[in-house]
Amino acid sequence: MPTATSERLRRPTFLLRIGRRLLLALVVVAVLAFGTAWALTPGVDDARGRVDARLTAFGGIPLAGDVPPRIAAALLATEDSHFADHIGIDWRGALRAPLGLLTGDDLGGSTLHQQLARVVYEDGATDPLAKTRAVALAVKLDRGWTDEQILRMYLDAAYFGHGFYGVEAAARGYFGLSPADLDWAQASVLVGLVQAPSAYDPLVHPERAAARQAHVLNRLVEVGHLDRATADAVAVEPWRLQG
């Protein structure tokens, strides 16, 4: 006859087995979903053409010259700090994705590749099926394009609010400068817009924009691109917005 002590000893083992089975089930769901999405999604050789068509449709301006280092650093620190190391999907986000599909919650973890795929192939859709297809498309983008090309396409495809499509139009529209000429204060405000352009609009909601800028600067400190003193100094610099 089992004693209370033996029951307590067996309970963690039972829970561990249940946890392992649940994890295995989530992995199986993720693998099956990915395989199906891979077969059903198109190739991505036309990704640059799709970005250019988006710019043309919305009166955007392609980024001129090299990708500006400040813009790149702020964007990667905030949106995808493992950009150079993953294959289009980050395993940290991939582990959360099956649970998100089951619960219907957005658990984060989307890479720049996934975000780009959703914009140019899924018309911005964020439903579970679109997210699943975006995962497959993200891996295809990583296989077919260089990191620099993907980063440039992302910056050209992103919407920054006020009708500014692409970082070139946004930098000129908000600050009257080319992206390469933005200082850290301006670059961190601009990058903060990609998550929610209307909510963080510096012309309409300067306090929200400042809070978002603080998050971008904190991320730059966390990844080691800026030290704390420099980030704190940048946070109080004027933005010199146009209009």
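Which residue just after helix 8 takes a positive phi? In this predicted model, the residue in question is Gly-176, with a phi of about 70 degrees.

Helix 8 itself, spanning residues 167-175, is a good place to begin a tour of the interior. Seven of its nine residues are buried, so helix 8 is largely enclosed by the rest of the structure. The buried positions are Val-167, Glu-168, Ala-169, Ala-170, Ala-171, Tyr-174 and Phe-175. The cover over these residues includes helix 3 (69-79), helix 7 and helix 9 (184-192).

Helix 7 also takes part in a helix pair. Two packed helices are described by the angle between their axes and the distance between the axes. For helix 5 (residues 112-121) and helix 7 (residues 147-157), the axes come within 10 Å and cross at roughly 45 degrees. That angle makes helix 5 oblique to helix 7, and the crossing is left-handed. On the helix 5 side, the contact is formed by Leu-112, His-113, Gln-115, Leu-116, Val-119 and Val-120, while helix 7 contributes Ile-150, Leu-151, Met-153, Tyr-154 and Ala-157. Sorted by class, this contact holds nine nonpolar residues, two polar ones and no charged ones.

One of the helix 5 contact residues, Leu-116, reappears in the nonpolar interior. In soluble globular proteins, nonpolar side chains tend to be buried together. Here the largest nonpolar core has 53 residues, and those with the most contacts inside it are Leu-116, Phe-160, Leu-190 and Leu-220. Leaving aside neighbours within four places in sequence, Leu-220 is in contact with Ala-73, Ala-74, Ala-77, Trp-184, His-225 and Leu-226.

Leu-226, one of these partners of Leu-220, is found in the loop between helix 10 (206-222) and helix 11 (228-235). Despite this loop position, Leu-226 is buried, with a relative accessible area of 9%. Not counting residues up to four places away in sequence, Leu-226 touches Trp-184, Leu-217, Leu-220 and Val-221. Trp-184 is thus a contact of Leu-220 and of Leu-226. Leu-226 and Ala-73 are 153 residues apart in sequence, yet their C-alpha atoms are 9.8 Å apart in space.

A second buried loop residue is Thr-41, with a relative accessible area of 8%. Thr-41 lies in the loop between helix 1 (4-40) and helix 2 (47-58). Once neighbours within four places in sequence are set aside, the residues in contact with Thr-41 are Arg-133, Ala-136, Leu-137 and Lys-140.

Note on methods:
Residues numbered from 1 in each chain as written. Predicted model: local features only at pLDDT ≥ 70, side-chain atom pairs only at ≥ 80, totals over all residues. Heavy atoms only, no water. Axes fitted to C-alpha atoms, helices over the stretch in contact; angles between N-to-C directions. Helix = DSSP H or I, 4+ residues; strand = E, 2+ residues; numbered from the N terminus. Parallel < 35°, antiparallel > 145°, perpendicular 65-115°, else oblique. Left-handed = near helix turned anticlockwise from the far one by under 90°. Contact = heavy atoms within 4.5 Å. Nonpolar A, V, L, I, M, F, W, Y, C, P; charged D, E, K, R; others polar. Buried < 20%, exposed > 50% of the residue type's maximum accessible area, 1.4 Å probe, protein only. Core = buried A, V, L, I, M, F, W, Y, C linked by side-chain atoms within 4.5 Å.
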